[in-house]
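Colleague: Could you take me through this model and the terms you use for it?
Modeller: Gladly; have a look first, then ask away.

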Amino acid sequence: MIRCVSCGEEYDDNNVIYTCEKCGSVLELVVDIDVSRDIFEGRRDTLWKFKECIPVDETKIVSLDEGGTPFCKCGKLGSELGVNLYVKVEGSNPTGSFKDRGMTVGMTKAIELGVSTVGCASTGNTSASLAAYAARAGLRCIVFLPSGKVALGKLAQAMFHGAEVMSINGNFDEALEAMTALALEKHLYLLNSINPYRLEGQKTIGYEILRDLNWQSPDRIILPVGNAGNISAIWKGVSEFYEAGFVRDIPMMTGIQAEGACPVTNAFKKGAKKVVPVENPETIATAIRIGAPVSDIKALNAIYDSNGYSETVSDEEILNAQKLLARTEGIGVEPASAASIAGLKKLVDEGVIDKGETITCVVTGHLLKDPNVAIDACSKPSEVEADIDVLREILMNK
Ligand SMILES: *Cc1c(COP(=O)(O)O)cnc(C)c1O
Ligand SMILES: [Zn+2]
């Protein structure tokens, strides 16, 4: 069953519907968990190990073995910051971001509904993922991207997997508005995160973190927030497992935004229930360059209900954190993902995070998604002859 988050109106699962027909608010799937956590053990480590908790037809699954991502203890960085730190590495999904979790479920629903065309507006990763899953499902795929603002790796993926890619003269929010209008005219099935089935896939990040910690909750989960679907989804996941009695505690949801695109943090700091959109969002972290997040109500509920927090970080703090994580722990992430680490550092400094807290940072996408940012952050390799005497001289003098 699909339910409106604001007015509680209920809809049948087989409605193609993205927002509440009564009040216009966002929707969610209502899921009752009536299995024991033991049944997940011993299964292949993809997110479909939780299939009893994902409300789609399991005979129609479209999958690339997403989920089951690394959960890395980061002892060096953690002790530098005075916390017990784990990093959930979502860049290890098939197309290099957590969007694959949402897409496997969304695409499975698309097949169940019998649609022939799928579409999305995207800052990059949603389109890369949708293009791959549409190829696997054999469906037509339409993608709108904000012109000039998509990281190179993501653009390459969307085009290479055969999506019909259109570069829109406008920002993400404008591209999404246009794509949504076409979906409402029924030209295509919309697979942005306003589609509640996407979040049913992404909630498994929350499930996995609890399982990765051997059925304990971290004190806090920290992640970047753009369109605000992922923080809402992870909160839904941890809440479902908490209510099922699989864990005794629940984490504080902590959303980090870029200074130039921070409507959720602004709303949080005022205690508001909805955001005021940011007109011209700007940040080097293109995956979170979003001014009018569609899941604002869900995300703010997640933060308030979990006693969580929201903070902004500057582009400079993001780039420093990206390098710090890569060089202290060997984990390469794209700029948006590094916002979680930058946010952790800032909240420790501000005293919002206590020493000794157990923290899970979700790093959302792979370093190679945005190769230009990575290359620009380094100095060029020096050109040297293949002469051992010259090379030895250089090594010894370092
Ligand atoms: C999509 C994305 C985000 C933002 O997630 P939302 O659900 O839009 O808040 C953050 N990081 C990366 C790498 C992403 O692809
Ligand atoms: Zn409603």
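Colleague: What makes the pair formed by an oxygen atom of ligand 1 and a polar backbone atom of Gly226 a polar contact?
Modeller: The two atoms are 2.8 Å apart, and a polar contact is a pair of N or O atoms within 3.5 Å, so this pair qualifies. Before we go on: this is a predicted model, in which local features need pLDDT of at least 70, side-chain atom pairs count only at pLDDT 80 or more, and totals for chains, interfaces and linings use all residues. Residues are numbered from 1 along each chain as written, chains are lettered from A and ligands numbered from 1 in the order written, and side-chain values use heavy atoms, without hydrogens and water.

Colleague: Which atom of Thr364 lies 2.8 Å from a nitrogen atom of ligand 1?
Modeller: An N or O atom in the side chain of Thr364 does. The protein covers 96% of the 380 Å² of accessible area that ligand 1 has on its own (Shrake-Rupley method, 1.4 Å probe).

Colleague: How do you know which residues surround ligand 1?
Modeller: A residue counts as near if one of its heavy atoms lies within 4 Å of the molecule; 16 residues surround ligand 1, with Lys99, Asn125, Gly226, Asn227 and Thr364 the closest.

Colleague: Which domains supply the shell around ligand 1?
Modeller: Domain 2 (71-97 + 196-377) and domain 3 (98-190) each give at least three residues, with bounds from an automatic or database domain assignment.

Terms used: Polar contact = N/O pair within 3.5 Å; in protein donor to acceptor, adjacent residues only side chain to side chain.
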